[in-house]
Amino acid sequence: MTESKNGLLYGPNDNVSLGQSGVLGLQHVLAMDVYVPPIIIAGLLSMSIAEKSGFLQAAFLAAGIGTILQTRFFLKIPVSQGPSFVPIGAVAGVYLANGGPNGGMATVIGSLIVGSLMLIIFGLSGIFQKVISKLVPAIVGGTIITCVGLSLLPSALNDNIFKASGNVNQNILLATITGLTMLIAMIISARVPQLSKVLRISSIIISLIVGTVTASMMGMFDWSAVSHAAWISMPQFTALHYGIHFSIPAILTFVIIYLVLTTETTGTWFAMSAVTGEKLSNKQWNHGIIGEGISCLLAALLGATPTTGYSTNAGVISITGVASKRVFMSAGIWFIVLGFCGKLSAFLSAVPAPVIGGVFSIICVMIMLNGLNVIRYLQTNESTMYVIGIPIIMTMALILVPTSVIHETPQLVQYLLGSPITIAAVTAIIINLLMPSAKQPATATEP
């Protein structure tokens, strides 16, 4: 098989065999740190072991159902859903302010339901696409993609390697072995034509396997968590367990959070559009936000937090050259399996953070370069330099700003400052509007 003009081995509509799509779908699941937001939130809410396990189950189920809904029925481009990092602070804040273990989760779920219904209304009314067409031309879209990759890179390095639990020297060594494995696979793929396809497609899963085996040999893999997990278990901590309660202040908080989430999701969709070479139509934008709303609604009812399209998948596609929707449907099925199989979800959760970080850091760079690829084909001038440059500065500023400074701001501002992607996107939009000469034709959508 020859590569397409976008460097893809398999395009979005290409058929991939059932067995191959199953393996490649698992590769996407392994490359996504889907379990991280639920684990962080569970810790902030002081959940019991049973509640934490149920929370993780719900996150996997919501990710799987959302992935299938978006890829097959709504957005109709390859995209995997997963729990967003954006609402972490808001979930903890609303939970603790509304009774904690005595009704706090019911208030969180009620607010999430209202927010998700708002997204569905945006899509049904057609407002979302009109806003995107007006405010996000190609120059802004490319800048957002660049900032998405840039904002994720510190998390890949700090949270997964340098600041992860355990010995930092061992973490660096493990991440290096994992990353080098992937690099070696790509080098061999480029130099040995006979192995090109198989190594490029499977480079991520090979590196993750090598990293996990190495971690086990180094005594860094917690097998006890896997052995104690049940093989099959049903979700128990859903909205039926916690109940649903509506609070105006909590709802207003999550309305803002969902708007932030939507900005982040837009950047992911731009990234996926760029790497697959598939332009999003006006209809797809509106249907995509409806799918996002339905995914978030199901997540709330399952007892999980909002799901969003994961930009890491754009990096995975760039590396493997596989953008088939069948692979992403398989990823959705894997997530659902993980939601019911305690052993498998425990195994994935036990994979050491440095293993994920070794791959994740490369993926982040690929996302950033895809954004720059969008920009490089546009005519640029002094004005466009500001549209591109200032959001990058804002992204880095929010990554490096001391947390003590953020904690001194009002709670609502903290939520916004906690999302560098959102601030970067808003900055790019405003500067582009204020500099008429910087405007470019909107190439991200078509009638």
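Author: Before we start, contact here means heavy atoms within 4.5 Å. The model is predicted: local features need pLDDT of at least 70, side-chain atom pairs count only at pLDDT 80 or more, and totals for chains, interfaces and linings use all residues. Residues are numbered from 1 along each chain as its sequence is written, and side-chain values use heavy atoms, with hydrogens and water left out.

Reader: OK, take G321. Which residues is G321 in contact with, leaving aside neighbours within four places in sequence?

Author: With those neighbours left aside, G321 is in contact with G7, L8, L9, Y10, R200 and V316. For L9, the C-alpha atoms of the pair are separated by 4.9 Å, although the two residues are 312 residues apart along the chain.

Reader: And where does G321 sit, and is it buried or exposed?

Author: G321 is placed in the loop between α14 and α15 (325-340), where helices (H or I, at least four residues) and strands (E, at least two) are DSSP runs numbered from the N terminus. G321 counts as buried because its relative accessibility is 0%; buried means under 20% relative accessible area, exposed over 50%, and partly exposed in between, with a 1.4 Å probe and protein chains only.

Reader: What about T320, buried or exposed?

Author: T320, which has its place in helix α14 (residues 312-320), is buried, with a relative accessible area of 1%. Leaving aside neighbours within four places in sequence, T320 is in contact with L9, Q27, R200, I201, S203 and I204.

Reader: I204 caught my eye. How many residues does the largest nonpolar core have?

Author: That core has 101 residues, and I204 and F254 are those with the most contacts inside it. A nonpolar core is a set of buried Ala, Val, Leu, Ile, Met, Phe, Trp, Tyr and Cys residues joined through side-chain atoms within 4.5 Å.

Reader: Which helix gives the most to this core?

Author: Helix α12 (residues 248-276) does, giving 11 residues to this core. Apart from it lies another core, of 7 residues, among them L9, L24, V322 and V327. As background, nonpolar side chains tend to be buried together in soluble globular proteins.

Reader: What does F254 touch, then, with its sequence neighbours within four places left aside?

Author: Under that condition, F254 is in contact with P87, A90, V91, V94, V108, S111 and L112. L259 also has its place in helix α12, but L259 counts as partly exposed because its relative accessibility is 38%; leaving aside neighbours within four places in sequence, L259 is in contact with M118 and F122.

Reader: Switching to the surface: which residues form the nonpolar patch?

Author: L180, L183, I184, I187, I188, L195 and V198 form it, with about 570 Å² of accessible area together. Accessible areas come from the Shrake-Rupley method with a 1.4 Å probe, and for residues only the protein chains shown count as cover. Patches are made of residues with over 30% relative accessible area and no salt bridge, with like charges joined within 9 Å and nonpolar side chains (Val, Leu, Ile, Met, Phe, Trp, Tyr) within 5 Å; a salt bridge is a side-chain nitrogen of Lys or Arg within 4 Å of a carboxyl oxygen of Asp or Glu.

Reader: Which helix supplies the largest share?

Author: α8 supplies the largest share, 5 residues, while α8 (168-191) and α9 (193-217) each supply at least two. I187, placed in helix α8, is partly exposed, with a relative accessible area of 42%.

Reader: Any polar detail for S151? Which backbone oxygen lies 2.9 Å from a polar atom of its side chain?

Author: That oxygen belongs to V148. S151 is found in helix α7 (residues 138-162) and counts as buried at 12% relative accessibility; leaving aside neighbours within four places in sequence, S151 is in contact with T395, I399, P420 and I421.

Reader: And R376, what does its side chain make a polar contact with?

Author: The side chain of R376 makes a polar contact with the side chain of N373, at 3.1 Å. A polar contact is a pair of N or O atoms within 3.5 Å; within protein, one must be able to donate a hydrogen and the other to accept it, and residues adjacent in sequence count only if both atoms are side-chain atoms. R376 is found in helix α17 and counts as exposed at 56% relative accessibility.

Reader: Last one: what is the phi of K76?

Author: K76 has a positive phi of about 60 degrees although it is not a glycine, and K76 is found in the loop between α3 (49-73) and β1 (81-83).
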